[in-house]
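Hi,

Here is the structure I said I would pass on. Have a look at it first, and then read my notes below.

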Amino acid sequence: MKKLIIGASVGNCVHVAGVLNFLRLAEEHGYRAKFLGPAISINYLLNAVEEASPDMVAVGYRLTPETAYKILKRLKDSVEERGLSSYKFVFGGTLPVARKAQEVGFFDAVFSGQEEIEEIIAYLEGKSLSDRDIPYGKNLLNRIALKKPYPLLRHHFGLPSVDETVDGIKEIAKSKVLDIISLGPDQNAQQSFFRPTDMDEDEKGAGGVPIRTKEDLIRLYDASRTGNYPLMRCYSGTRDVFQMAELLLDTINNAWCAVPLSWYNKLDGRGPRGLLASIKENQLLMKWHGERNIPVEVNESHHWSLRDAHDTIAVVMAYLAAYNARKMGVKTYIAQYMFNTPNGTSADMDIAKMMAKKELIENLKGENFQVLTQVRAGLSSFPAQPDRAKGQLAYATFLGMSLRPDIVHVVAYSEADHAAWSSDVIESCQIARQVINNLVYNYPDISHDPEIIKRKQKLLSESRVLLNHIKNLADTGVADPWSDPVTLTRAIKSGLIDAPHLKGNSEGVGLLNTKIVNGACYAYDYKKNKILSELDRIEQLKEVSSNGYL
């Protein structure tokens, strides 16, 4: 039989959110929970204790500290008078009230809201809050399981020098606010780590930390071995990708691989590879990690949305990214959903797009392919004014929680002004954590909203049209066009997969025009001033195509 925990707010306190969340968390970790209600008298509480004989009693109070002391002292005296001292009582309240609860000297544990979720879970599992051996989780899946139902927090971090980044990682780890430090190397390191003579040292530190040696990575990882021992991961290379994968695994125990399907090449200017060669190599990199049972995230869909591709392309590329990961033998797939992209996307249309992506991706799940959900804010959605940017971070976190994520990729509110310092990372994570705490048990069910359903169904229908046309590009005898590098390359070079920002690109087409209409991004004919269906867009594309693919 599961252990029983009962809880209530006492005296004249009607605030019960803290007690209820504690009870819900206890239920997630092996307890039966019974809530007695708000403003419960001491006699009523202790009568319930005598009747139920619980393993733990959770008491909440959030009003005046001085009043709290008197009530809690009376509770202690009553417990002793009634011979109930053998029961375990815990307290939760605001920080000033919690200090008074400590003074009473009665409670087995006192929670003030300053504790980390992992610490509370450890206590529920029988560990002392002072126990330094709290099991935070040594790999991604273990950490997710330990923290449920709360999602893990991930944040990008990399300053223009290794020393600064080492110091920042120590501060972040000690703060215990972050589960995964996503190491951001500079572009030189991503592209030319193994070819130092190719580096332009005038660009040292541009875009991230200038990692130049294996020892640099070891120092960065060692800096994280404190606090809550966050996992660490890093961008994949844009050249010499297998050497980089081996290096990251050996030095920082790379928590998962993030690799695109069709990017990190001439298409986005982040590497010298051609499109076809990079798709082949990216697929093999997925396979390399799949063979080692390392999770894989394919950064694909949002790269098209960041370049103003319409929502149908975003949905299709989200599906093809996951499809290719499964085909390459990846066993744990991390599906990333970037909200607020393109700019102007409304909340309901954003959620509809993400729900369409998720439905297609989760149709791929099976015995050897599990899917984790990761949500994040769109980089370009952040205003430069700090207070407004904090509001945007909270808004994006709220939207992301609609997908019930396993991981929340926090984007620092400072991004529109400067790359995040450790203090920015910590503050941004605290903002996101408060939103998550408010929603983890009580997010409104928006899956039945008629406008969201209508848009999601339309995107699924349009996506099937585009996927079928991509399949038709395959050479005779190709068994699986959606994972065939030649077919995928043709899809981009033909303009079936396209984005307005690719105009003039040697590997893309750039013929697509798009427009935000009522919060959604559509393919658009500006001459006729109308939204184009996928069939109409493809017919127009055939008329102007000169490469023979269509």
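**Two helices side by side**

Helix α13 (residues 311–327) packs against helix α14 (residues 347–362), with the two axes 9 Å apart and at an angle of about 30°. Since angles under 35 degrees count as roughly parallel, that makes α13 roughly parallel to α14. The crossing of α13 past α14 is right-handed. On the α13 side the contact is made by Asp311, Ala314, Val315, Ala318, Tyr319 and Ala322, and on the α14 side by Lys353, Ala356, Lys357, Leu360 and Ile361. Sorted by class, the residues of this contact come out as eight nonpolar, three charged and no polar. Before you go further, please keep in mind that this is a predicted model.

**The sheet next door to that**

There is an open sheet of eight strands, paired in parallel, and the order is β8-β7-β6-β13-β12-β11-β10-β9. At the edges sit β8 (231–234) and β9 (257–259), each of which pairs on one side only. From one strand to the next, the twist averages 25°.

How does α13 fit in with this? The helix lies across β10 and β11, and runs at about 165° to β11.

**A closer look at β11**

Strand β11 (residues 332–338) runs parallel to strand β10 (residues 296–298), and two bridges join them. Val296 has Tyr333 of β11 as its bridge partner, while Glu297 stands opposite Ile334 in β11. With strand β12 (residues 370–376), β11 pairs over seven bridges, again in the parallel sense. Tyr337, for instance, stands opposite Val375 in β12.

Is β11 covered or exposed? Mostly covered: seven of its seven residues are buried. In a regular strand, side chains alternate between the two faces of the sheet. Here Thr332, Ile334, Gln336 and Met338 point one way from β11, whereas Tyr333, Ala335 and Tyr337 point the other way, and all are buried.

**A buried arginine**

Now go along to helix α17 (residues 450–471), where you will find Arg455. Is Arg455 buried or exposed? Its relative accessible area is 7%, and buried means under 20%, so Arg455 counts as buried. Leaving aside neighbours within four places in sequence, Arg455 is in contact with Asp311, Met349, Ala352, Ala520, Cys521 and Tyr522. You have met Asp311 already, as one of the α13 residues in the contact with α14.

The helix that holds Arg455 has a packing partner too. The axes of α17 and helix α19 (residues 534–544) cross at roughly 35° and come within 9 Å. Glu462, Val465, Leu466 and His469 of α17 make this contact with Glu534, Leu535, Arg537 and Ile538 of α19. By class, the contact of α17 with α19 has four nonpolar, three charged and one polar residue.

**One more helix: α5**

Last on my list is helix α5 (residues 117–124), which is mostly covered, with eight of its eight residues buried. Two glutamates, Glu118 and Glu119, are among the buried residues, along with Ile117, Ile120, Ile121, Ala122, Tyr123 and Leu124. What covers them? The cover includes α1 (17–28), β2 (31–40), β3 (56–60), β4 (89–92), β5 (109–111) and α6 (140–147). Just after α5 comes Gly126, which takes a positive phi of about 100°.

Cheers

Methods
Residues numbered from 1 in each chain as written. Predicted model: local features only at pLDDT ≥ 70, side-chain atom pairs only at ≥ 80, totals over all residues. Heavy atoms only, no water. Axes fitted to C-alpha atoms, helices over the stretch in contact; angles between N-to-C directions. Helix = DSSP H or I, 4+ residues; strand = E, 2+ residues; numbered from the N terminus. Parallel < 35°, antiparallel > 145°, perpendicular 65-115°, else oblique. Left-handed = near helix turned anticlockwise from the far one by under 90°. Contact = heavy atoms within 4.5 Å. Nonpolar A, V, L, I, M, F, W, Y, C, P; charged D, E, K, R; others polar. Pairing = 2+ DSSP bridges. Buried < 20%, exposed > 50% of the residue type's maximum accessible area, 1.4 Å probe, protein only.
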